[in-house]
Structures are given as structure tokens and as C-alpha cells.
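Welcome! Here are some short exercises with worked solutions to help you find your way around a new structure.

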Amino acid sequence: MVSLDSAFTDGAFTEGAFADNQLFSPLLSDEEFCPREPTDLAETGVSRVLLEELALKLLLQVGSAAGREIGRRMCLPFCLVEPLLGDLRSRQLMFHERQAPLNDYYYALTDSGRDRAASAMKTSAYVGPAPVPMDDYVLAVEAQTIRAEAVQRQQLVRAFSDISVEPALLDVLGPAVNSGAGLFLYGAPGNGKTTLAKRITACFGKNIWVPHALIEDGQIIKFYDTAIHTRAGSGDDDLGMLAEDGVDPRWIKIRRPTAIVGGELTMDSLEIRHDPASKVSEAPLQLKSNCGCLLIDDFGRQRVEPTELLNRWIIPLENRCDYLTLASGKKVQTPFDQLIIFSTNLEPHELADEAFLRRIPYKVEVTDPTVDEFRSLFRASCESIGCAYRPEAVDYLLQKHYHPRKMPLRRCHARDLLMQVRNFCAYQGLPVELRPDYLDRAVGAYFTALGGAR
């Protein structure tokens, strides 16, 4: 194993740590990172005792299972699990219940095995894929860093192809994305800052590998999260059972992740959360979003003070590493390798001081649409709901409601007003049409609540 200290130098990853490690290999034709399937239990980096307890706890839950099923659920090759189960059987902790296909057996626990499994459950209730050592994960992040991919303009255009984005904005976003550091997206609400941020990860083409779970200092940390991670390929294989030949099944190939958090963000979300009942921990947001993007949406409206939250990011943004605390109190140095995006309706200088803004090198203002873009947004929204676009109706809307009240245009208005029209027509049993009288109704219902019309 390569130690954490050797994988970091002054807070930055070293290039040699990955190259010297034999647990990973370029199995793919284009030399991409790929975790190699272990050939013996020692190569898993996990103690034999822990693997035995995982097998016993699994049988305690399901009653009995074939050896191959146990290996499948533990995400280990059957050739490694079979001798492990044989050893547990020889120690009279489990027995052959009956024969299974393919020269296999169904296993069940003896009374001694149930006692041992129950005792293991009290120590940790985790049952599932065998964890991956934190050291190996550090090397994987180094090998798959988001900074290794240089996004070009055509990739950015493709990622934003189905939404309206000014070419000038793309030319500002491109270098910001390639920085792999961080950016502020700011501007008035309703102009698509969140939508832009969500699309940025799509610019990066390569998939990455992440572990189901991590282990550090004997503590298991759940990592794979379906709310953040999207499997590459089939979505039916929840435990990675259809892993590619020669690939460690404890790892899952996913699209580069985008973790999104809004006003519900608390400081606890940024730390390893330990459940005292199950004795199992959960990885924080920034760890799960490594090699991808972390979007802090509606920044400034969280339940914590902006300065407190920003202070939490200063060291990770500067050194590209983070320091997390395990339930045991041990501090662990972990990679901080993602494009962090702060989306806010406020001016950046109102939220952060100069010292922090220096660490977010790009501040991108998302402005209101022009009149021509506003018309284009209406045309696109009409197409999306199957409604004929009528330019005279949009001109009426601008002349009747926007210009007299000097209401600013927002990119969300076309979609939202058309939804109001569609809902009214559905209620009345009428065909959906872009008509001035329908728009009058939509404006009355929509802008009164926003204080934009009187």
C-alpha cells in the first residue's frame, strides 16, 4: 500500500504515487485509470477478520446464500470468497445447507456463527460490498483528477446545446471550467445560474471509478450515493455485479459527479457523519464530488453564516486537500479535487472578503436576456410544449406589461408564463395557444406574487 503521507506533498498530490502502485493498471485501451481485480485477499487491503465478519453478517440477515451470491454481495471474486467460506466452515461458524449449481454450496450459520455475527453487528452494522482502503482512493482521485481534462469550446457548446446561452458567456465559462478551481455564478434570480452549473459537468467526457465504501483506521465510510453518482451504462446493477472482466468489483464506473446543495447545507454536511447506532459513517459532500463538481446553490441563504462556510473552504481551495475527523477523533487528509461553484443572487463582494475571493479565480455574471434572446426563449418554450409560436403575442407582452412597468426580463419568464397558459387551457379544455388574453391572465397570476406588476 502507498501511505497517505506519500501520496501528498505539502497538500498537493505527487505524480509518482499512482505510477508506483500495482493495484491499479491501465486495463483500458486508451490508458485510462482502472482498478485491477485482486488476486488474493491481501491485495484487497482489508483485514481477513473484517471480510469474515462481512460474510457472517450477510448470512445473519438473509439466512442462507450460495457462495457466489455471498461473493457478489461482498463485491469480491468468488475465487477469493470460496476459501474464506471454507475456513469459516472448518471453524464451525457456518455449514453447507445444500448443494448449489456450478460446484457451489448454500451456506448457513451455526449457533456459534450467529453469536459471532451478532457480536460483529454491535461493532458495526455495515453489510455490503467490501470497502476500499482510503490510500487506494487517494491514488484513484489523483489518477482521475478533473484538472487532467481540458474542455474545448465545442464540448461546452454541446453541453449547453438545448438551452439559450450567449456565445460571450461560453467564452468566459470555458476558461473557468478548465481552471478546475472554482467560480462564482452571480446575477439576478431566474436567469439560469443553477441550470448552467448543472450542465458544466457534462463538458467532461470521461467516466470515473469510485468505491462503494471506504475504510480508514478500521472505520467503514459509505461513499457511493445514488443521489450524486450516476452509473455509466446499465442502471440495473446496483452492486456492480456486472463489472468488466479484470476490474475490481468494489469499484463502480460513474459519470463525473455533480453534487448540488442549497439552503439546507449545514456545517455537518461537510464532515464525516457517524451514526452511533449502526457504527457506520457517511462520506461528506465534497468527498463524494471529487473528480466532478460541487454546486453550492443559492449561496448566502444557508442556515449557516456565509463567512463561516467560506472559512471552511479556504484551506481546501488553497491546498487541494481537506482534513476530516473520524469518529475515533483521528484526523484524515483527503483529496479535494472538484470544480466548486457558488451560485448566488448577491454580489460576491457582499458575501466574501478579498482573501477568499482571491481563491475563487473566476466570477461570472449571468445577466438578463436581451429582447431578441427573450423572443428566442419563447420560441423554444413553445416548441417544447407543442404550441405554435406567435411573435405578435410576445410583442404584445413586452409592450403591455414589461416596458410600461420597466420590469426586467428574466430567462425563466418565457417557460413560466407558458406553463401558466398551458395550465389554464388544460383547465378550460382549450387548445394551448400563445394569445394576448391568455398572457394577460398568466401575468396577473405570476407577477403579482413576485411584486413585479401592479
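**Exercise 1.** Find how the contacts of the chain are spread along its sequence.

*Solution.* Start with the contacts (heavy atoms within 4.5 Å) that have a separation of 6 or more: residues 24 or more positions apart account for 72% of these. Before going on, note that this is a predicted model, where local features need pLDDT of at least 70, side-chain atom pairs count only at pLDDT 80 or more, and totals for chains, interfaces and linings use all residues. Residues are numbered from 1 along each chain as its sequence is written, and side-chain values use heavy atoms, with hydrogens and water left out.

**Exercise 2.** Work out how helix H3 and helix H6 are placed relative to each other.

*Solution.* First, locate H3 at residues 48-62 and H6 at residues 111-123; helices are DSSP runs of H or I with at least four residues, numbered from the N terminus. Next, see that their axes come within 9 Å and cross at roughly 105°. The two helices are therefore roughly perpendicular (65 to 115 degrees). Finally, look at who meets whom: H3 residues including Glu 53, Leu 56 and Lys 57 meet H6 residues, among them Ala 117, Ala 120 and Met 121.

**Exercise 3.** Is Lys 57 buried or exposed, and which side chain of opposite charge is nearest?

*Solution.* Lys 57 lies in helix H3. This lysine is buried (under 20% relative accessible area, 1.4 Å probe, protein chains only). The nearest side chain of opposite charge, Glu 53, is 5.4 Å away, and Lys 57 has no salt bridge (a side-chain nitrogen of Lys or Arg within 4 Å of a carboxyl oxygen of Asp or Glu). Leaving aside neighbours within four places in sequence, the contacts of Lys 57 include Ser 124, Tyr 126 and Val 127.

Notes: Axes fitted to C-alpha atoms, helices over the stretch in contact; angles between N-to-C directions. Parallel < 35°, antiparallel > 145°, perpendicular 65-115°, else oblique. Buried < 20%, exposed > 50% of the residue type's maximum accessible area, 1.4 Å probe, protein only. Lys, Arg positive; Asp, Glu negative; His and termini not counted.
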